[in-house]
Amino acid sequence: MLPTRPISALSTLAVALISIPLTSALSGIVTDPTQVDKQTFDYVVVGGGLGGLVVANRLSENPDISVLVIEAGADNRDDPRIYDPSQYSVAFGTELDWNWPSSQGRSIKGGKTLGGSTSINGLAQTRGQRAQYDALATFLNNDDGGGYWNWQGMFTGMLKSEGFSAPNDQQKEAGASSNPAFHNDSGPLQVTYPDGIYHGPHQKYFRDVVSSNFSLVASQDADDGFANVVAFHPNTIAWKDSGHRSSSATAYFTPVSERSNLAILTSQLATKILFDTSASTPKATGVEFGTSNGDRYTVNAGREVIISAGAIQTPALLQLSGVGDSSLLNGLGIDVVADLKGVGKNLQEQTMDSVGWTPVDGFDPQGTGPSDMIAYPDLLSLSSSSQNDIASAITSNVGSYAQDAYRAGAVVSVDAAEKIFSIQQELMVNRSVGLVEAFFDTGFPNGGLGIDLWQLLPFSRGTVSIKSNDPFTYPTVDPRYFAADVDMQIQIAGLRMARKIFQTDPLKSIVTEENAPGFDTVPENNGDGGSDEDWRAWIQQGFSSVHHPIATCSMMSQDLGGVVGSDLRVYGTSNLRIVDASVLPMQLSAHLSATLYGLAENAADM
Ligand SMILES: Cc1cc2nc3c(=O)[nH]c(=O)nc-3n(C[C@H](O)[C@H](O)[C@H](O)COP(=O)(O)OP(=O)(O)OC[C@H]3O[C@@H](n4cnc5c(N)ncnc54)[C@H](O)[C@@H]3O)c2cc1C
């Protein structure tokens, strides 16, 4: 990211002269906060996760620019729970995981460690549908930010981040394929197929059943922007060296850790953004940080503060700093710096259930994974298998969902919600985007074969709100799961389809019985795949969060409740931007990270 106005050589020199003597001794990983206290860096980045490390890497390519990243977690790159792909989920619930409690007794995971959630995530690398990227500008009165916020701009950003290795012969034999037109082999993030790719018949059987019976195309490479297909997807695996996880830390920090103008302070929480409120527009001047024992320090930002603390902590930090809905801030005695109603609203999180089947005796998956076969059924493939008329359920309820979201404080106005929902409706009903993800999972649930199924594009909107002015108290996180009933209808349709996939040959020939939910819990109901009532009861009782929160500081126009504009600057402030999942205004038919790497590369290119 570069300053918005071109700065003269003289002022560049001045900045360099001011900042370098103060910060030149600091580079690499710093653990002593007193070394940073009262120093000045050109850019101070809050959060050393996906967004933060991409931006920090790209900004510090210029040796005259000094960059500090403040990360709440430690540097755990040497911890096998982080680097070993086979240890996925072992970090959950430990000191490496924020593990925010959310409503309805659920929790949302997030990496509290260098690399953020990319250090603990599932390594699936998938891109969304072209139409979804093209829709980004429609949230901004058709301002695409000079070409960044459409398919072409996002594709460019995603390519820039990617260091792709096409499948080798043994991976091809297992079914993997790719098209070089949609990949870059020289970006920082290493992307490839696992050496332990499954050679058993099951992943191909899944692909064959879905493409032959559910009108989804079997794609050779789903990274082309036509994601409503069934395909092998690559993983973020470091093929150039270890075969370990390729995270934002290993991809964007490790190779440049010797840069003298880049420092990362670990195990310190940013507790407040500091503003100069004497100007007509409050100007971000630095960051206060510290630990839960009460120590507090400050650091100055000569040019900008960039918040990349993720979709839960970024709105919380803004609220703690006086940027948010005045009615929330006044109640907590926080001085209002900018009365920005959209902060913490528009939260979108997905809901997951897993259908499981027991393999036949002697079944051998012939590999260690990770699993890499995914289908993204669109409306047509879903509704033909479930007889649910989801299109009319969406169309006839947009108005009532908008009113409900407004009553719950999750949108800034009914009018705004109706506009946002109409963009979403168009994509879901008329543009063939995937409505659910069907992730074919070897070994889960119950050690057998399964389909992890989540509804991708919820109409339910929720909130993130601080409940105290103590920065170490977690905010209230309420995604309002299933507040819009069509979210439940789509989840049911997807699960019914998942059950049916296992009941279809050739997949049927390698399984014996359904072990989750099982026909006792959700009876077949005369062969229609289970009644709505039975599925509903099972889903409500057992669903989990997908750990994909977004949109709590959305990149939208202000009338829609946006928090940042197309340049990612926070409305009503200066010298303050956001680069993380909180700015993505709507979910995509994909996992998030490929898109967010593209978004962060675009941010750094501005
Ligand atoms: C369990 C799990 C599985 C996932 N699986 C996949 C997958 O398979 N494929 C995929 O594409 N995506 C997946 N994702 C999603 C993806 O990893 C995230 O969406 C993405 O990393 C979000 O990027 P971000 O920059 O918004 O936040 P993060 O990458 O989470 O980074 C935020 C960073 O900010 C730090 N921080 C927060 N508050 C503060 C503060 N006040 N001061 C200092 N530091 C702070 C955090 O500790 C963290 O390091 C998964 C996520 C999770 C949690």
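## Close-up views of a predicted model

His591 touches Ala124, Thr126, Ile374, Tyr376, Glu437, Phe439, Trp454 and His548, leaving out residues up to four places away in sequence. The legends below describe this residue and other sites in a predicted model.

**View 1. His591 and its setting.** His591 sits in the loop between β24 and α16, the helix of residues 593-605. Is His591 buried or exposed? With a relative accessibility of 12%, His591 counts as buried. Its contacts include Trp454 and His548.

**View 2. The two histidines annotated as active site.** An unreviewed UniProt entry gives the annotation "active site" to His548 and His591. The two span 44 residues in sequence, yet their C-alpha atoms are no more than 7.9 Å apart, so they gather at one spot. His548 belongs to the loop between β23 (544-545) and β24 (576-578). His548 is buried, at a relative accessible area of 11%. Which residues is His548 in contact with, leaving aside its neighbours within four places in sequence? They are Gln348, Glu349, Gln350, Trp454, Gln587, His591 and Leu592. Trp454 is thus listed for His548, and Trp454 is also listed for His591.

**View 3. Residues around the ligand.** The shell around the ligand holds 40 residues, of which Glu71, Ser117, Ala124, Ala581 and Ser593 come nearest. A polar backbone atom of Ala124 is 2.8 Å from a nitrogen atom of the ligand. The protein covers 96% of the 1,000 Å² of accessible area that the ligand has on its own. Two further polar contacts involve oxygen atoms of the ligand: one is 3.1 Å from a polar side-chain atom of Asn121, and one is 3.5 Å from a polar backbone atom of Gly116. Ala124 is also one of the residues that His591 touches.

**View 4. Helices and a strand that line the ligand.** Which elements each supply at least two residues of the shell around the ligand? They are α2 (50-59), β11 (269-276), α9 (310-320) and α16. In α2, 10 of the 10 residues are buried, so this helix is largely enclosed by the rest of the structure. Among the buried residues of α2 are Leu50, Gly51, Gly52, Asn57 and Arg58.

**View 5. The segment at residues 310-324.** UniProt, in an unreviewed entry, places the feature "domain: Glucose-methanol-choline oxidoreductase N-terminal" at residues 310-324. Over residues 310-324 the chain is 73% helix and 13% strand. The end C-alpha atoms of this segment are 16 Å apart. Helix α9 covers residues 310-320 and supplies at least two residues of the ligand shell.

**View 6. A salt bridge between α16 and α5.** Side chains of opposite charge can pair when their charged atoms come close. The model has 22 salt bridges. In one of them, the side chains of Asp605 and Lys160 meet at 3.6 Å, N to O. This pair links distant parts of the chain, with Asp605 in helix α16 and Lys160 in helix α5 (residues 151-161), 445 residues apart. Asp605 is partly exposed at a relative accessible area of 40%, and Lys160 is partly exposed at 34%.

**View 7. A salt bridge between α15 and α14.** Arg536 forms a salt bridge with Asp485, and their closest N and O atoms are 2.9 Å apart. Here too the pair links distant parts of the chain: Arg536 lies in helix α15 (residues 532-542) and Asp485 in helix α14 (residues 485-502), 51 residues apart. Arg536 is partly exposed, with a relative accessible area of 30%, and Asp485 is partly exposed, with 27%. Elsewhere, Glu304, Asp567, Arg569 and Arg577 are joined into one network by salt bridges that share partners.

**View 8. The pair Arg296 and Glu288.** Arg296 and Glu288 form a salt bridge in which the closest N and O atoms are 3.8 Å apart. Arg296 counts as partly exposed at 35% relative accessibility, whereas Glu288 counts as buried at 18%.

**View 9. Thr573 in the loop between β23 and β24.** Thr573 has its place in the loop between β23 and β24, and His548 lies in the loop between these strands as well. Thr573 is buried, with a relative accessible area of 10%. Its side chain reaches the backbone oxygen of Val570 at 2.8 Å. Not counting residues up to four places away in sequence, Thr573 touches Phe275, Thr281, Pro282 and Ala338.

Key
Residues are numbered from 1 along each chain as its sequence is written. This is a predicted model: local features need pLDDT of at least 70, side-chain atom pairs count only at pLDDT 80 or more; totals for chains, interfaces and linings use all residues. Side-chain values use heavy atoms; hydrogens and water are left out. UniProt positions are given in the numbering used here, feature names are shortened, and annotations may be inferred rather than shown by experiment. Helices (H or I, at least four residues) and strands (E, at least two) are DSSP runs, numbered from the N terminus. Buried means under 20% relative accessible area, exposed over 50%, partly exposed in between (1.4 Å probe, protein chains only). Contact means heavy atoms within 4.5 Å. A salt bridge is a side-chain nitrogen of Lys or Arg within 4 Å of a carboxyl oxygen of Asp or Glu. A residue is near a molecule or strand if one of its heavy atoms lies within 4 Å of it. A polar contact is a pair of N or O atoms within 3.5 Å; within protein, one must be able to donate a hydrogen and the other to accept it, and residues adjacent in sequence count only if both atoms are side-chain atoms. Accessible areas come from the Shrake-Rupley method with a 1.4 Å probe; for residues, only the protein chains shown count as cover.
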